[in-house]
Amino acid sequence: MTIPNLRPSNSALGSDFYVMTGIADRIFGLQNEQDFEQIALDIFSLQAERCVPYRQYISLLGINPEQVDSIDKIPFLPIELFKSHDIYCGDTEPEKIFTSSNTGGTVASRHMMQSLAHYEQAFTRAFEQFYGESSQWSIYGLLPNYLQREGSSLVYMVDRLINRCGSGGFYLDEYEKLLADMEADTKPKILLGVSYALWDLAEQFSPKLRNTIVMETGGMKGQRKELPKAEFHKILTDAFGVEKIHSEYGMAELTSQAYSSGDGIFRSPRWMKVLTRDVNNPLKVNLRPMRGAINIIDLANISSCAFIATQDVGSTFADGSFTIEGRLTGADIRGCNLLVQ
């Protein structure tokens with residue numbers, strides 16, 4: 001049995017449901033674990049009804065949504081379904097459809113975003129939770145492969161953050177201009193780059209950066225050899241003369257981002273939680289700190305699905321932080337098989 005690619009039916013809840021119930025305000029204002037769990041259960045009930053692919057996936061698993069009364073019973077949607085189905089809860093057309101970079105010629109994922117204002121609120125609050133008021137920074141985006149295609153949520157985020165900062169900008173391979181502009185900039189700076197482009201910059205110029213945070217994201221995108229993070233970060237710290245390399249963890253299928261201030265240890269905003277699942281049993285989710293495949297609860301995914309089983313592998317820790325260690329082998333096959341078992 002396969003899930004048909006249907007759009008959500010009209011619901012009595014209406015397209016203004018999120019506004020009427022104040023659920024977005026509840027998400028960004030949550031204070032503790034009890035708030036998180038209650039909001040997660042409320043969003044699950046909503047999405048189990050309104051998101052057709054999620055509803056049918058739950059049905060294939062033999063789960064009655066009305067019996068899901070705790071966070072450990074919530075099923076996680078395989079992220080692969082964003083490639084083949086419209087994972088969407090809205091009754092109106094999405095304001096924006098973000099797409100993944102589909103490295104290696106794979107099918108791109110599509111994330112249908114009902115409200116760009118909601119997305120901007122999510123990424124601004126997440127950034128400022130870890131880095132303070134955005135206006136104090138200059139942000140320099142070295143994101144060539146993202147800039148050269150349409151639909152990148154990362155480019156949208158960085159562009160809006162640059163606008164809030166009032167300084168910085170995007171650069172393709174204009175390394176000398178980038179370095180000259182950063183040298184002339186007296187504000188604290190964040191150089192946010194896709195990993196392979198930062199490596200190119202480090203290798204060609206080895207510039208000693210002052211008053212600058214170097215933040216990597218996005219991986220090598222098939223442009224350079226993949227290295228263990230510790231080894232790669234050592235190359236960058238030596239070249240740029242910085243103590244640590246920061247990282248951003250996000251994806252097209254999510255609304256929120258996690259950040260690392262060094263050593264590959266990521267922390268999530270308050271409304272995002274990272275769990276692990278058994279790599280051999282995708283339905284077995286670990287609520288305790290453990291190594292495994294990564295599951296994400298992103299409560300800000302209110303118009304798509306907030307409960308995502310990713311293809312990443314990592315470890316979670318008691319304080320809510322986590323690491324990303326790599327990708328599942330054959331993950332696409334594993335996730336699609338789950339739909340027809």
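Buried here means under 20% relative accessible area, with exposed over 50% and partly exposed in between, using a 1.4 Å probe and protein chains only. This is a predicted model, in which local features need pLDDT of at least 70 and side-chain atom pairs count only at pLDDT 80 or more, while totals for chains, interfaces and linings use all residues. Residues are numbered from 1 along each chain as its sequence is written, and side-chain values use heavy atoms, with hydrogens and water left out.

**Helices 3 and 4**
- Helices (DSSP runs of H or I, at least four residues) and strands (E, at least two) are numbered from the N terminus.
- In helix 4, residues 52–60, the buried residues are Val 52, Pro 53, Tyr 54, Tyr 57 and Ile 58, and just after this helix Gly 62 adopts a positive phi of about 75 degrees.
- The buried residues of helix 3 include Phe 36, Ile 39, Ile 43, Phe 44 and Arg 50, and at the start of this helix a side-chain oxygen of Asn 32 comes to within 3.1 Å of the backbone nitrogen of Gln 34.

**Nonpolar cores**
- A nonpolar core is a set of buried Ala, Val, Leu, Ile, Met, Phe, Trp, Tyr and Cys residues joined through side-chain atoms within 4.5 Å.
- The largest such core has 49 residues, and those with the most contacts inside it (heavy atoms within 4.5 Å) are Ile 139, Leu 142 and Leu 191.
- Helix 8 (153–165) is one of the elements that each supply at least two residues of this core, and its eight residues are the largest share.
- Apart from this core lies another, of 48 residues, among them Phe 28, Ile 43, Phe 82 and Phe 322.

Note on methods: Polar contact = N/O pair within 3.5 Å; in protein donor to acceptor, adjacent residues only side chain to side chain.
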